[in-house]
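Student: I've got a structure open and I'd like to talk it through with you. Can we go feature by feature?

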Amino acid sequence: MTTCDTATRSRSRWDQLPWLFSPAVDLATFGGSAAVALAMLPVGAALGLLHGDTPGWTWVATILLIDVAHVYATGFRVYFDGQELRKRPWLYGLTPLLAFVVGAAIYSESVTLFWSVLAYLAVFHFIRQQYGWVALYRSRANDRERAGWWIDASAIYLATLYPLIHWHANLPKHFWWFAEGDFIRLPSAMATIAMPVYWISMLAYAARSLVRGFRDGDWNPGKDLVVLTTAVCWYVGIITFNSDYAFTVTNVIIHGVPYMVLIYWYRWCREVAENEKSHSLAGRGSRWGTTAGRVALFLGVVWILAYAEELFWDFGVWHERGWLFGWLPGQRGRSEWGEEAGVWLAPALAVPQITHYVLDGFLWRRRQRDA
């Protein structure tokens, strides 16, 4: 049975619960990614990494192969799909252009402001993605109870917002989002006020979930898993530890992996299901017609693009990872490209990221709010 088969064949009562893909895929996607992230904490402690910068191997595994790569996964949803491109050509064409123009204008005025704006745009995107999973699960369960929407939304938003408020109220930290100083400091009282609201929202969510499950049989384990893993990973990664390594592994993995699974499912599994219904043989004789072939194609493309982007970032801006990108000692991108290159280089390299953030808000938007 292939990965796509598990997403389309449901028979048992367990299978008939409101999963997004299938029981196995959902549990592996959300539970598995969180389990890997949390398991990396004792590994990091044993290796003495919790009180230092993220090591090179962790950066490659999380930032390069997951975080940056998932940005390019949007291409399979938009720019590598001619049919989708023809639906909204102005949106898909103008978004990268405007991202560069606005980014370059901000960067030319203030580099610090550029990174702050980019950081807060990313934060908004990370928060909204977690809410998006909850909304999808509510839709699958046909849960339109108004009070339930408030409880679910409050829980998932506070699962991310409270750790962020705590972060802002306890600056400086030993980690940052993109660049040091990209967040503004908030009064410590805000974290104190937010804490009881956070715990009340978590308890309200748990109570509603248990009542609906035991009383009505309306279990939604996928949604519960998203809320639980989000709350645990964000709390541990931001509040419990003051560590760049801990923040990186708990923040990136549960964000990037589920998104890439979603893109893969949308791009190929729906197509496989449609071909099975029509008894189509298209693609079955090709190496890309197999699950292994499709996964290899998908990951190969996004990983190559991610590597290329980070190569230019390192050559032109950061100059930190010559061991990965092949710079000789003493080679520096700015000395070769000139100081003025930064005015357009950084905004240009940020275009895929900004485009991903903006388009993600359009691609998965529901016409009718799930409430």
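Student: What is the volume of the second largest pocket?

Tutor: Keep in mind that we're looking at a predicted model. The value here is computed for the second largest pocket, and it comes to about 870 Å³.

Student: Which residues lie nearest the centre of the second largest pocket?

Tutor: The lining takes in 27 residues. By class they split into 15 nonpolar, four polar and eight charged. The ones nearest the centre are Trp 59, Ile 63, Trp 177, Phe 178 and Arg 321.

Student: Which helices each supply at least two residues of that pocket's lining?

Tutor: Go along the chain and pick out the helices that give two or more lining residues to the second largest pocket. They are α3 (56-77), α6 (111-140), α10 (244-277), α11 (291-318) and α15 (351-363).

Student: Is Arg 321 buried or exposed?

Tutor: Arg 321 is one of the residues nearest the centre of the second largest pocket, and it forms a salt bridge with Glu 320, with the closest N and O atoms 3.3 Å apart. Its relative accessibility is 15%, and the cut-off for buried is under 20%, so Arg 321 counts as buried.

Student: What is phi of His 319 near?

Tutor: His 319 sits in the loop between α11 and α12 (322-325). At 22% relative accessibility, this histidine counts as partly exposed. Its phi is positive, in a residue other than glycine, and is near 55°.

Student: Where is Asn 142, and is it buried or exposed?

Tutor: Asn 142 also has a positive phi, near 55°. Its place is in the loop between α6 and α7. Its relative accessibility is 54%, and the exposed class starts over 50%, so Asn 142 counts as exposed.

Student: How many salt bridges does the count come to?

Tutor: A pair counts when a side-chain nitrogen of Lys or Arg is within 4 Å of a carboxyl oxygen of Asp or Glu. Arg 212 and Asp 218 qualify, with their closest N and O atoms 3.8 Å apart. By this rule the count comes to 13.

Student: Which residues are joined into one network with Arg 212 and Asp 218?

Tutor: Start with that pair: Arg 212 is buried at 16% relative accessibility, whereas Asp 218 is partly exposed at 38%. Salt bridges that share partners tie both of them to Arg 138, Asp 143, Glu 145, Asp 152, Arg 208 and Lys 223.

Student: How far apart are the closest N and O atoms of Glu 84 and Lys 87?

Tutor: Both residues lie in helix α4 (residues 82-87), three residues apart, which is about one turn of the helix. Glu 84 is buried, at 6% relative accessible area, while Lys 87 is exposed, at 54%. They form a salt bridge, and their closest N and O atoms are separated by 3.6 Å.

Student: What is the accessible area of the nonpolar patch that includes Val 101?

Tutor: Val 101 is found in helix α5 (residues 89-109). Patch residues need over 30% relative accessible area, and Val 101, partly exposed at 45%, clears that. The patch also includes Trp 90, Leu 94, Leu 97, Leu 98 and Val 102, and together the accessible area is about 620 Å².

Student: Which residues does the cis peptide bond with omega of about 0° join?

Tutor: Look in the loop between α7 (146-169) and α8 (188-216), where Pro 172 is found. The bond with omega of about 0° joins Leu 171 and Pro 172.

Student: What distance separates the C-alpha atoms of Leu 118 and Ala 179?

Tutor: Leu 118 has its place in helix α6, and at 3% relative accessibility it counts as buried. Ala 179 is 61 residues away along the chain, and the C-alpha atoms are separated by 9.9 Å.

Student: Which helix gives the most to the lining of the largest cavity?

Tutor: A search of the whole structure finds one cavity of 30 Å³ or more, and the largest cavity has a volume of about 60 Å³. Its lining has five nonpolar, four polar and no charged residues. Helices α2 (23-46), α6, α9 (221-240) and α10 each supply at least two of them, and the helix that gives the most, with three residues, is α9.

Key: Residues are numbered from 1 along each chain as its sequence is written. This is a predicted model: local features need pLDDT of at least 70, side-chain atom pairs count only at pLDDT 80 or more; totals for chains, interfaces and linings use all residues. Side-chain values use heavy atoms; hydrogens and water are left out. Patches are made of residues with over 30% relative accessible area and no salt bridge: like charges are joined within 9 Å, nonpolar side chains (Val, Leu, Ile, Met, Phe, Trp, Tyr) within 5 Å. Accessible areas come from the Shrake-Rupley method with a 1.4 Å probe; for residues, only the protein chains shown count as cover. Helices (H or I, at least four residues) and strands (E, at least two) are DSSP runs, numbered from the N terminus. Buried means under 20% relative accessible area, exposed over 50%, partly exposed in between (1.4 Å probe, protein chains only). On a 1 Å grid over the protein atoms alone, a cavity is a set of points where a 1.4 Å probe fits but cannot get out, and a pocket is an open set with protein on both sides within 12 Å along at least five of seven lines; lining residues have an atom within 4 Å of a point. Grid points are joined across faces, edges and corners, and a volume is the space filled by probe spheres set on the points. Ala, Val, Leu, Ile, Met, Phe, Trp, Tyr, Cys and Pro count as nonpolar, Asp, Glu, Lys and Arg as charged, and the others, Gly among them, as polar.
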